[in-house]
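Notebook open, coffee poured. I'm going through pockets first, then rings, then strands.

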Amino acid sequence: MTAPASGGTAVRLHGVSVRRDGLAVLSDVDWVVGTRDRWVLLGPNGAGKTTLLQVAAARLWPTSGSVEILDTRLGHVDVRSLRPRVALVSAAITRQLRPDITARQVVVSGLHGALETWWDHYDERAWAKADLLLSQGGVGAIGDRTFGVISEGERQQVLLARALMCDPELVLLDEPFAGLDLGARERLLLRLAELAEDAGSPPLVLVTHHCEEIPPGFTHAGLVRRGELVAAGPLEDVVTSSRVSSCFDLAVSVGRSEGRWWSRAR
């Protein structure tokens with residue numbers, strides 16, 4: 001199922017399938033992300049959401065189908081020049097960073113997509129930008145604390161700031177709310193809502209399991225089930241009780257109140 005893009009196109013997938021060990025992880029996915037879109041991808045564990053995000057980030061080649069990212073086509077572009085234009089926030093990055101690097105070092109290293117600051121030179125403007133991004137995420141006071149000792153909620157804000165450091169043309173977030181307490185979740189939701197409502201922000205794609213974690217300002221939704229994109233389009237058309245129930249194999253009621261989504265089993 002394909003949703004029309006808003007404005008230009010940031011991502012276009014046509015007939016994309018991914019197979020691993022003979023098993024289909026994604027099956028014949030068509031998907032278009034517009035340059036002004038803010039997407040949420042919902043679906044059960046193991047549905048293929050992370051795989052879909054990796055394909056859109058040019059981190060994973062599909063078994064079949066075509067992938068266009070930021071006006072380039074996989075197979076016809078040097079991904080070393082493409083990947084820095086796409087920011088991917090995922091738990092994999094956390095595992096790659098040294099725990100004794102400071103939060104502001106983590107952020108500034110995102111300017112060149114590095115994992116260590118000693119690989120590159122950063123001028124005063126770069127450090128000032130890193131500090132500003134931390135402040136905008138509400139964690140300006142932790143800049144000199146080491147990444148390994150800050151809370152999970154602070155860590156997600158730092159990773160988001162790192163992703164924005166290089167002024168990316170596309171931002172992909174893979175389950176950033178996983179493991180967060182109520183306060184940390186709400187603070188991250190507010191930050192994503194700010195980005196969503198900023199006309200200067202790049203297109204955003206968020207993977208989550210919960211309707212409650214859809215930030216205000218998001219415009220589109222996709223439901224992923226057993227490797228298929230079973231619904232995609234404007235948020236209000238996709239996130240319905242019947243469609244979410246079918247996606248999760250559970251009868252649920254879904255609604256919206258004061259700009260926030262909720263869901264509960266029937």
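How do the residues lining the second largest pocket divide into nonpolar, polar and charged? I looked that up first and got six nonpolar, three polar and three charged. Note to self: this is a predicted model.

**Entry 1, second largest pocket.** I got a volume of about 200 Å³ for the second largest pocket. I wrote down its lining in full: K129, L132, L133, Q136, L164, D167, P168, L195, D198, G200, S201 and P202. Then I checked which element gives the most to that lining, and helix α5, residues 124–136, comes out on top with four residues.

**Entry 2, largest pocket.** Next I pulled up the largest pocket, at about 600 Å³. I find 26 residues lining the largest pocket, and those nearest its centre are R59, L88, I93, G113 and R162. I sorted the lining by class and have 14 nonpolar, seven polar and five charged residues.

Where do at least two lining residues per element come from? My list for the largest pocket reads α1 (49–56), α2 (79–82), β6 (86–89), α3 (91–96) and α6 (152–164). The largest share is from β6, with four residues. I'm keeping β6 in mind, as that strand turns up again below.

**Entry 3, rings.** How many aromatic pairs does a search of the whole structure find? I ran it and got two. One pair is W31 with W39, edge-to-face, at 5.7 Å centre to centre and with 90° between the planes. I also looked at how covered these two are. W31 has 0% relative accessibility, so I log W31 as buried. W39 also goes down as buried, because its relative accessibility is 0%.

The other pair I noted is Y122 with W127. It is edge-to-face too, with 6.1 Å between the centres and 70° between the planes. Buried or exposed, for Y122? The relative accessibility of Y122 is 7%, and the cut-off for buried is under 20%, so Y122 is buried.

While on rings, I checked for charges sitting over them. I found the charged end of R155 over the ring of F147, 5.2 Å from the ring centre.

**Entry 4, β7 and its neighbours.** I went to strand β7, residues 170–174, and asked how many of its residues are buried. I count five of five. Splitting β7 by direction, I have L170, L172 and D174 pointing one way and V171 and L173 pointing the other way. Both sets are buried, D174 included.

Which way do the neighbours run? I see β6, the strand from the largest pocket's lining, joined to β7 by four bridges, and the two run parallel. Across that pairing, V89 stands opposite L173 in β7. I also have β7 pairing with strand β8, residues 204–208, over four bridges in the parallel sense. There, L172 has V205 in β8 as its bridge partner.

**Entry 5, the hairpin.** Last stop: strands β11 (residues 252–257) and β12 (residues 260–265). I find six bridges joining β11 to β12, and they run antiparallel. For G255, I traced the bridge partner in β12 to W262. The hairpin of β11 and β12 has two residues between the strands, and I noted that E258 takes a positive phi there, near 55°.

Conventions. Residues numbered from 1 in each chain as written. Predicted model: local features only at pLDDT ≥ 70, side-chain atom pairs only at ≥ 80, totals over all residues. Heavy atoms only, no water. 1 Å grid on protein atoms, 1.4 Å probe; cavity = no way out; pocket = protein on both sides within 12 Å on 5 of 7 lines; lining within 4 Å. Points joined across faces, edges and corners; volume = space filled by probe spheres on them. Nonpolar A, V, L, I, M, F, W, Y, C, P; charged D, E, K, R; others polar. Phe/Tyr/Trp six-rings, centres within 6.5 Å; stacked < 30°, edge-to-face > 60°. Buried < 20%, exposed > 50% of the residue type's maximum accessible area, 1.4 Å probe, protein only. Lys NZ or Arg CZ within 6 Å of the ring centre and 35° of its normal. Pairing = 2+ DSSP bridges.
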